[in-house]
Amino acid sequence: MHLPKLEALTAVAVWALASTCRSVPVARDWANGLCHADLQELGSKLSSTAKVYYPGSSEFQLASARWSTLAEPNVTVVVVPGTENDVVETVKFANKKDLPFLAYNGAHGSITTLGEMTHGIEISLSQLSSVEVAEDGKTAKFGGGTISKTVTDELWNVNKQAGNLLGPALGGGHGWLQGQRGLVSDQFVSMNVVLANGTLITIDEKSDLWWAMKGAGHNFGIVTSLTTKVFDIEYRDWAIETITFSGDKVEAVYQAANDYLLKNGTQPVGVINWSYWMNDANADPNNPVIVFYIIQEGVTAVDSKYTKPFHDIGPLSVVPDSGTYKDLAAWTGIASSSIPCQKTGYSNPRFPIYLESYNVQAQKKIWDVFAPAIRGDSVFNNSMFQFEGYSTQGVHDIDSRSSAYAFRSENLLIAPLINYLPGGPERDSQAHALGTQLRDILHEASGRKDMRVYVNYAYGDETSEQLYGSEKWRQNRLRSLKQKYDPQGKFNFYGPIA
């Protein structure tokens, strides 16, 4: 047997596919009626560099694995486009066969709405990886599957920088440089997008869709390439100080963070506060600890005016380090090679909330819930609570009406991450109850009526208003654009617009 233009299809996979398709009921259970002849049809339309993987192969397993196993999408065929037009043909094919489809990039989104995909085609963008800096050095074009590390490394080699890339930028996109540059999506210049009907279009600020792609982009299309602003590297030096505290210091630590770092939303550009609550046997074998990072750009040691107030609290340890921008992800445990970022079969739901400052009393309340929940041999003992305090001037300076990203006034992104091995619905419910309780404590303490949630970290039970802003005009504009560009809800698997 032969499938034209389809690579990575072993003899065993061909035999298995053909055998399955001889049984119509099984075939329809397998992929809603998708059979050998159908895949031949798809293969004839794809480029010579495209790949198709089927269940049972190691390639399929690797390509379809996700960082979080909770409410995973169930894909039945993986297509790995070699060109942008391969995405077009795959979407058209899926529509013709009435099959759902879902684009994969890093597969680190853990939102439970992905589980609504019970069968269909995964479109893995991994081969659409490229970095092309324009001759004038002001912009660069990236393939839709280019991961952040590749962007950082390739640009660094030519003395350039940009933020993280897709898909985080489709939800706004936070990053180390946002104090200077704004969100990652604020740097977009143009993009190629495959729409729900399989049309490939190029859009920029002149398009009505442009507004929606910057904050709610997961709902509107598959970005196959992107042109964005890039910048000369201003500072190669970065420094960090890792300060570890016992839990009894929680109120003092976050009062100091408010007083000496956040300063009512005026945290200095190039200064970042970032912390985790987690178990660390080296720091304390019996109890969770607070690991607090102070990060500064353009120096080889963090300025003592930022660190001394924390030293005075009485930490368990203080570890300074210095390096470059390229070290930041590894320092904070979010590099592609970091253990927490590996796909190891764990569930990883998050329960994010945006806040303007740390409520010290609420921090104590959530510590008193979180610490015992993850202590010792708890099934949740690999969980962590994450507090991201970037500098924000570049985000605040841009008109909040200019994009679908709605939460420019915020200074903190906070999220418990409940990490656990799958253990059935009861364990999932326990994790959900814990994460919801923690977030609700912070929300109640904020005094706000509306909860504000970062879509890229969302659990999946949040409302459209919580994900994309509660203003009536904002919701109306999103719904109008959704009706225009995706009336059948083909892109409803990631934070759908209600």
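Ala-301 sits in the loop that runs between strand S14 (284–297) and helix H10 (304–311). I should say at once that what we are looking at is a predicted model. With a relative accessible area of 52%, Ala-301 is exposed, because the cut-off for that class is over 50%. Setting aside neighbours within four places in sequence, Ala-301 is in contact with Ala-239 and Gln-296. As for Gly-323, 22 residues separate it from Ala-301 in sequence, and the two C-alpha atoms are 9.6 Å apart in space.

Let me turn to helix H6, which spans residues 148–156. Which of its residues are buried? They are Val-151, Thr-152, Asp-153, Leu-155 and Trp-156. The cover over these buried residues includes four strands: S5 (131–133), S6 (139–143), S7 (160–161) and S15 (317–324).

One of the buried residues, Asp-153, brings me to the salt bridges. The structure holds 21 of them. In general, side chains of opposite charge can pair when their charged atoms come close. Within H6, the side chains of Asp-153 and Lys-149 form such a bridge, at 2.6 Å from N to O. These partners are four residues apart in the helix, about one turn. Asp-153 has a relative accessible area of 18% and is therefore buried, the limit being under 20%. Lys-149, at 47%, counts as partly exposed.

A second bridge within a helix is found in H12, between Lys-364 and Asp-368, where the closest N and O atoms are 2.8 Å apart. Here too the separation is four residues, so about one helical turn lies between Lys-364 and Asp-368. Lys-364 is partly exposed at 29% relative accessible area, and Asp-368 is likewise partly exposed, at 42%.

Salt bridges with shared partners also build a network, joining Glu-356, Glu-410, Arg-448, Asp-450 and Arg-452. Let me take one pair from that group. Arg-448 and Glu-356 form a salt bridge in which the closest N and O atoms are 3.2 Å apart. Where in the chain do Arg-448 and Glu-356 lie? Arg-448 belongs to the loop between helix H14 (425–446) and helix H15 (464–468), and Glu-356 to the loop between strand S16 (353–355) and helix H12 (360–374). The pair thus links distant parts of the chain, 92 residues apart. Arg-448 counts as buried, since its relative accessibility is 19% and the limit is under 20%. Glu-356, in turn, is partly exposed, with a relative accessible area of 41%.

Definitions and conventions
Residues are numbered from 1 along each chain as its sequence is written. This is a predicted model: local features need pLDDT of at least 70, side-chain atom pairs count only at pLDDT 80 or more; totals for chains, interfaces and linings use all residues. Side-chain values use heavy atoms; hydrogens and water are left out. Helices (H or I, at least four residues) and strands (E, at least two) are DSSP runs, numbered from the N terminus. Buried means under 20% relative accessible area, exposed over 50%, partly exposed in between (1.4 Å probe, protein chains only). Contact means heavy atoms within 4.5 Å. A salt bridge is a side-chain nitrogen of Lys or Arg within 4 Å of a carboxyl oxygen of Asp or Glu.
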